[in-house]
Structure formats: structure tokens, C-alpha cells
Amino acid sequence: MHIAIVGNIGAGKTTLANKLAHHFNWEVFLEDVDHNPYLKDFYDDMPRWAFHLQVYFLNSRFKQTQRIKELQAAGKGVIQDRTIYEDAHIFAANLHDSRLMTERDYQNYLSLFESMIDLVRPPDLLLYLRADLPRLIHQIQKRNRDYENNIKIDYLKNLNGHYEQWIANYKHGKLLIVDVNHLDYVQNPEDLGVIIERINSTLFGLF
Ligand SMILES: Nc1ncnc2c1ncn2[C@@H]1O[C@H](COP(=O)(O)OP(=O)(O)O)[C@@H](O)[C@H]1O
Ligand SMILES: Nc1ncnc2c1ncn2[C@H]1C[C@H](O)[C@@H](COP(=O)(O)O)O1
């Protein structure tokens, strides 16, 4: 079984991924942002580093998908924090639409993505954490990574727009949308319970 948690920056993916991995006793795959060699430079100068960062994320996410396949073959359950689909359909697309990535770089990136994507197995369940801008901003501030302190509201807004469009057209498998605006699964175990119930119901038909 493979559940992928998707959503905008600060929506609560990592927090939920850890909690679900603990609950189901499955492996968790997180994003390794601390060792990303481009992320800080990217936030300082997006046009300069957009392509480099996207290639880096694409490669690291692809390697992750191959490790997930191996674990699944060994009968293990997996919770994944963010997917390769978001790199292309959300982040790279947004950089291109916002003219922060050139047409030439975007087409080059897309061609690489398309060569890889046939080798990627979609998750059994895609769990989208929908959060509005005030909630995202509050949670990004709460996490307090220095390079994210200057993220523009418009950047988050455009990403949310891409998420909504992508989710509306998602056809790779089961989809669960969780509105996290009024859920606090950090403090309230009942809120986590609500999400687990919805996962069980969507995946296994249990109530
Ligand atoms: N549902 C929630 N309720 C309250 N705080 C949350 C919730 N989800 C995440 N947080 C807090 O918001 C911050 C960002 O969450 P994180 O899981 O790192 O988001 P993401 O991985 O989506 O970027 C963290 O400090 C986390 O404790
Ligand atoms: N593909 C990506 N392009 C640009 N930025 C990205 C991409 N994937 C992740 N990020 C950024 C967004 C955040 O600053 C960090 C970690 O993501 P998070 O949503 O907090 O887990 O990396």
C-alpha cells in the first residue's frame, strides 16, 4: 500500500506523513530539504536557479519512487511526503507560467519528466491537503525556515491555483481531499482520527 500526501508549502504534509506512518506502522519517505543544494539560492533568485532546482528535485523524487517500488514489492506499506507529479504539474508549471523559467528550460525539463514518468507507479491513494492562504502563511511562519520567510503571498496563491486545477483532473487512482483549514492534528488526536477514518473508508471501504 502506498499513500502519497500532496499539498502546498506548509499545508502539513510532513507532520501528517509522520503521524500516519506511526499509526499504520509503515515506512515514511520525507523530502530532504536540509541537504538540498539549490533551495536557498532559488528563493533568493528564482529565475537564476529555477531549472537547476527542478532537475535536482526531479532526480531525487524519481530515485525515491524507485525505492518505494522496491518496498512495495517486499510487501511494505509506504507514506510519501510530496510526489514527482507536483514537481512538474505544480512547481515547474507555475515557474513557467510566472515567467520565472524560460520556455526553453521548461520544454527541456518537461521532456526529461516525460521520459521518467512511465517508470513511476502512481500511489494507491493520493491525499490532498487543501489549505487557504492564511493557514499556509501561519504554518510556514510557525515552522520558521529562514529561506522561506520571504515567500511572496502571490507565489503561494499561484501554487494553490495549480493544485486545484491538477487535483480536479487527477485520474491516476483514488483521491481523498482533506480540508485542513480547521483541523489541528498536532494538538487534537480526534482530528487525526477523522483523517484516518476517511483513509480507511476510501481505501478499504471501512467505516
Ligand atoms: N493540522 C495542523 N494543525 C496545526 N499545526 C499544523 C498542522 N499541520 C502542520 N502544522 C504545523 O505547521 C508547520 C508546517 O507543517 P509541515 O508538516 O512541515 O508542512 P509541509 O510538510 O506541508 O510543508 C509545522 O510547524 C507543523 O507543526
Ligand atoms: N519542485 C519544487 N520546486 C520548487 N520548490 C519546491 C519544489 N518541491 C519542494 N519545494 C520547496 C517548497 C518548500 O520550500 C520546500 C519543502 O516543501 P514542503 O512543502 O515544505 O515540504 O521545498
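Let's start near the far end of the chain: right after helix H8 comes Gly205, and its phi is positive, near 70 degrees. Keep in mind that you're looking at a predicted model. Helix H8 itself covers residues 189-204. Its 16 residues reach 22 Å from the first C-alpha to the last, close to the 22 Å expected at 1.5 Å a residue. The buried residues of H8 are Asp191, Leu192, Ile195, Ile196, Ile199, Asn200 and Leu203. What lies over them? The cover includes strand S1, helix H1 (13-24), strand S4 (125-130) and strand S5 (174-179).

Strand S1 leads us to the next stop. Strand S1 (residues 2-7) pairs with S3 in the parallel sense, over four bridges. If you want one place to look, His2 has Val78 of S3 as its bridge partner. S3 also has strand S2 (residues 27-29) alongside, again running parallel, and here three bridges join the two. Val78 turns up in this pairing too, standing opposite Glu27. So which way do the side chains of S3 (residues 78-81) point? Val78 and Gln80 go one way, Ile79 and Asp81 go the other, and all are buried.

A little further along the chain from S3 sits helix H4, residues 84-97. With 14 residues at 1.5 Å each, H4 should span 20 Å, and the 19 Å between its end C-alpha atoms agrees with that. This helix is largely enclosed by the rest of the structure, because twelve of its 14 residues are buried. The buried set takes in Ile84, Ile90, Phe91 and Leu95, and it also includes Glu86, Asp87, Asn94 and His96. And what do the buried residues of H4 pack against? Their neighbours are S1, helix H2 (39-44), helix H3 (46-73), helix H5 (103-117) and helix H7 (153-168). After H4 comes Arg99, which has a positive phi, near 60 degrees.

Two of those buried H4 residues, Glu86 and Asp87, bring us to the charged side chains. The whole structure has eight salt bridges. Glu86 and Asp87 belong to a network of them, together with Glu31, Arg61 and Arg82. Take Glu31 and Arg61: their side chains meet in a salt bridge, 2.8 Å from N to O. That pair links distant parts of the chain, with Arg61 in helix H3 and Glu31 in the loop between S2 and H2, 30 residues apart. Is Arg61 buried or exposed? Arg61 has a relative accessible area of 4%, so it counts as buried. Glu31 also forms a salt bridge with Arg82, where the closest N and O atoms are 3.5 Å apart. Here too, distant parts of the chain are linked: Glu31 is in the loop between S2 and H2, Arg82 is in the loop between S3 and H4, and 51 residues separate them. Arg82 is buried as well, with a relative accessible area of 5%.

Another salt bridge worth a look is the one between Arg143 and Glu148, with closest N and O atoms 2.8 Å apart. Which of the partners is buried, and which is partly exposed? Arg143 is partly exposed, at 34% relative accessible area, whereas Glu148 has 4% relative accessibility and so counts as buried.

Those two residues also take us to the ligands. Arg143 is among the residues that come nearest to ligand 1, along with Gly12, Lys13, Thr14 and Thr15, out of 15 residues around it. Oxygen atoms of ligand 1 have backbone neighbours: a polar backbone atom of Gly10 is 2.9 Å away from one, and a backbone N or O atom of Ala11 lies 3.2 Å from one. The side chain of Lys13 joins in, with an N or O atom 2.7 Å from an oxygen atom of ligand 1.

Ligand 2 has 16 residues around it, and Lys13, Glu31, Tyr43, Gln54 and Glu148 come nearest. You've already met Lys13 beside ligand 1; at ligand 2, a polar atom of its side chain lies 2.7 Å from an oxygen atom. Gln54 has a polar side-chain atom 2.7 Å from a nitrogen atom of ligand 2. Glu148, the salt-bridge partner of Arg143, has a side-chain N or O atom 2.5 Å from an oxygen atom of ligand 2.

How values were computed: Residues numbered from 1 in each chain as written. Chains lettered and ligands numbered in written order. Predicted model: local features only at pLDDT ≥ 70, side-chain atom pairs only at ≥ 80, totals over all residues. Heavy atoms only, no water. Buried < 20%, exposed > 50% of the residue type's maximum accessible area, 1.4 Å probe, protein only. Pairing = 2+ DSSP bridges. Expected span 1.5 Å × (residues − 1). Contact = heavy atoms within 4.5 Å. Salt bridge = Lys/Arg side-chain N within 4 Å of Asp/Glu carboxyl O. Near = heavy atom within 4 Å. Polar contact = N/O pair within 3.5 Å; in protein donor to acceptor, adjacent residues only side chain to side chain.
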